[in-house]
Number of protein chains: 4
Amino acid sequence: MPVTRASLSRRVVAEGVGTGLLLAAVVGSGIMGERLAGGNAAIALLANTLATGAALSALILTFGPISGAHFNPAVSLVDAWQGGIAWREVPGYAAAQLAGAFAGVAAAHLMFGEPLFAFSTHARSGGAQAFSELVASFGLVSVILGCARRNPDPTPIAVGAYIAAAYWFTASTSFANPAVTLARAVTNTFSGIRPDDVPAFLAAQLAGAVLATALFRWIDGGEPGRQLRSATARDAI
Amino acid sequence: MPVTRASLSRRVVAEGVGTGLLLAAVVGSGIMGERLAGGNAAIALLANTLATGAALSALILTFGPISGAHFNPAVSLVDAWQGGIAWREVPGYAAAQLAGAFAGVAAAHLMFGEPLFAFSTHARSGGAQAFSELVASFGLVSVILGCARRNPDPTPIAVGAYIAAAYWFTASTSFANPAVTLARAVTNTFSGIRPDDVPAFLAAQLAGAVLATALFRWIDGGEPGRQLRSATARDAI
Amino acid sequence: MPVTRASLSRRVVAEGVGTGLLLAAVVGSGIMGERLAGGNAAIALLANTLATGAALSALILTFGPISGAHFNPAVSLVDAWQGGIAWREVPGYAAAQLAGAFAGVAAAHLMFGEPLFAFSTHARSGGAQAFSELVASFGLVSVILGCARRNPDPTPIAVGAYIAAAYWFTASTSFANPAVTLARAVTNTFSGIRPDDVPAFLAAQLAGAVLATALFRWIDGGEPGRQLRSATARDAI
Amino acid sequence: MPVTRASLSRRVVAEGVGTGLLLAAVVGSGIMGERLAGGNAAIALLANTLATGAALSALILTFGPISGAHFNPAVSLVDAWQGGIAWREVPGYAAAQLAGAFAGVAAAHLMFGEPLFAFSTHARSGGAQAFSELVASFGLVSVILGCARRNPDPTPIAVGAYIAAAYWFTASTSFANPAVTLARAVTNTFSGIRPDDVPAFLAAQLAGAVLATALFRWIDGGEPGRQLRSATARDAI
């Protein structure tokens, strides 16, 4: 996850471009899936799942060695907490992720002839939805922390596979990412979320990330920083 | 498969959390698949298969280096038989797997607004079903033993791929895991199994595991313990 | 592909068990797919494809280090031609593959409540079908020879992915394997082939294998044996 | 990506055979998908996506160590720009890719009983389609350049996964390849493109490739050639 060879400006651009392509994949494949599926929501979601999981794995393989390929402010916070990127780098990471996410939504809309931005009317409210996001985010951060320290090479595959699974096993279809959630509020298509429902998603995502980080700090016996740096050194060879 | 760096308490928690997420994936994606598939059971099972196989691979990559990522009492027994974990550690592993499995079912029910637990009415009885579980478990343990000693890096992918395939090529949809079977008895949704049908599943799963272990002990020429320990040492580097 | 550590009897048993599980996967998932798909042949074939490709990759990872995981008499012939297994070992390999293939079909039938064996009435005749098998087999042997010498680690993934693709891009759904073809003649289900159509399939498969082998011998500049042996030595470390 | 051990003639043949099999996969699976899907375009495109992504990964694993497995004139141009293959080798690569692509279309037509070549009547025109190709090609070249220098081993998986995703998240279904585009103009089946719409696709693909290359030259700090050669040297070990 944490790689420190590239300058901050280069890493921030990598985060922005990667998050942009990720959102284009999420939103674009949702539109295509719904248009072609003839009303069968499972087929539309299968297409959306396949595209999201495959794009996510490919983009982490592409940008991971440059910036860590977080594409997710919650992951950047966890990484800073674990001694990966510096705390002062988090705002740059998060800003780039947000800017990239909104640009990716706009790109998807341009490709499919939709208005550049439009608030979603897709309701995703209630406790079961929030609990779903807590589970989704807990699982995502667990996969990242579990793999990144001991199994770094297959991390991109593990993350893509996990998100593909979580699209189906959480009732919220696993946003698990504050930048993705905010950007999906401005697409009134298959993958959108009503702006009113965003705050509960963000809170649940952060809670899930904190729980997973606490679990893995305990499993790692209280010395995550050192282990993480050695993993970094290994990446940098 | 066997990794001995973490303390037993940490490994047992890893088994519980991992098995919990696995059951959430199995049961949750079954509910989502059935709700969205418009009555087409093949589409629902495709979604259930995709989510289960992808989650299983991701979770083994995540927890494998900590606890071995058995998530399955039959696999823990096989591992003890092969000289991996100690026999006295098996009860702790199995208890954590069972507790995690039931918690995962409850989590899926909470996410999808189902009652916390409900006995399944899904009949899965008869000799063909039991034979299916024997085949499913024989294949699963063969994949684990064949890969773990000679091909450890891709084991998580092989196991996830095998289970995804076995969802379709066995008539029982390949439970192949006593903890999974018991926990699926308390979900009255797509992936459930009637409690009356559980004992035959458990017996067939254990028989399949024993057959596969015997086969690989013969293939390995009677010195599995030594080879297994060297694989462990390699993992621990 | 070629590994020579295990005794011939152990390798032959590995070929038989692996081919048996492969045929159970091919035939069993075809039955399950057709039963659940509600008459949509594309959905049935998607399930059959997913199960076959995933099972094939998992089984090659499992048995490859023991016997080479040919599961295919044409591949065993190519391997002997390239200096892998000895020519005198080919009959044992082929006999085990055939016995395993028929046992796997019987196992699938037992799991799904079908008669143990039944001749197929599924017509697959004509020049386009035979040409399809030539293309399928040419591609399969190309993938094996291209990967095995220069890229051995991902060979199991490449072979499974190739066969999954070829199920869809050849008009015959890519049998590409004489043992598979003969065994599929005795299942009167989704994946069957009428016995009368078998000989043309076998001839085309062998022709495709010869063409691919000739191509790669030329690409390798006429010294395949040496290169293959060095790849073997690398596997054997 | 760039491998220089094989003679140019051998590399050019590898590019031709690989591109031929790729086009057979794209066109053949489109025909099969449409024939079996019972009018559901999403199911047909899912089959087309699965076959294309899986075949592409398998073929890059097969031919990558021989020729680099570009299968794409835009990629060969980028590779020459980055100091991979020599500029004087580009025409040979492109000619082989084009010849292979048309032969692959013909092979698919023979397998499925279609006329050898037929101009497509499938309209894919307008700014949204061209913008889609720009995005598709920008993403493809980003994945190739991002992975090839720092993450060469999983490049084949990343490229196949990216293209599978882009089939769904771009409105044009991501041709992203001039040779593929020209060859798909002569199939009047699912995957075809009207000859009149080809020029805008080619221009957008080249523009996307240039943008991605410029981005990665900046990220790499202006010394791509040196880094690329070191990656090459690593491949050649």
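By what turn and what shift along the axis can chain C be laid on chain D? In this predicted model, for which local features need pLDDT of at least 70, side-chain atom pairs count only at pLDDT 80 or more and totals for chains, interfaces and linings use all residues, a turn of 90° with a shift of 0.0 Å along the axis lays chain C on chain D with an RMSD of 0.0 Å. Residues are numbered from 1 along each chain as its sequence is written, while chains are lettered from A and ligands numbered from 1 in the order in which they are written.

The relation between chains C and D is therefore that of a four-fold axis; the copies were superposed by least squares on the C-alpha atoms of residues with pLDDT of at least 70 in both. The residue of chain C that comes closest to the rotation axis is C:Ile43, at 5.2 Å (C-alpha). The copies use different surfaces, in that 7% of the contact residues of chain C recur in chain D.

Between these chains, 30 residues of chain C are in contact with 36 residues of chain D, contact requiring C-beta atoms, placed from the backbone, to lie within 7 Å. On the side of chain C that touches chain D, helices H2 (41–67), H5 (127–150), H6 (155–169) and H8 (198–219) each supply at least two residues. Helices (H or I, at least four residues) are DSSP runs numbered from the N terminus. H5(C) gives the most to this side, with 10 residues. The composition of this side is 21 nonpolar, eight polar and one charged, where Ala, Val, Leu, Ile, Met, Phe, Trp, Tyr, Cys and Pro count as nonpolar, Asp, Glu, Lys and Arg as charged, and the others, Gly among them, as polar.

H5(C) packs against H2 (residues 41–67) of chain D at an angle of about 55°, their axes being 8 Å apart. Axes are lines fitted to C-alpha atoms over the stretch in contact, and angles run from 0 to 180 degrees between N-to-C directions. H5(C) and H2(D) are therefore oblique to each other, that is, outside the ranges under 35 degrees (roughly parallel), over 145 (roughly antiparallel) and 65 to 115 (roughly perpendicular). In this pairing, C:Ser142, C:Val143, C:Gly146, C:Cys147 and C:Arg150 of H5(C) meet D:Ala58, D:Leu61, D:Thr62, D:Phe63 and D:Pro65 of H2(D). Six of the residues of this contact are nonpolar, three polar and one charged.

At the interface of chain D with chain A, 30 residues of chain D are in contact with 35 residues of chain A. H5(D) provides the largest share of the side of chain D that touches chain A, 10 residues.

Conventions. Two residues are in contact if their C-beta atoms, placed from the backbone, lie within 7 Å.
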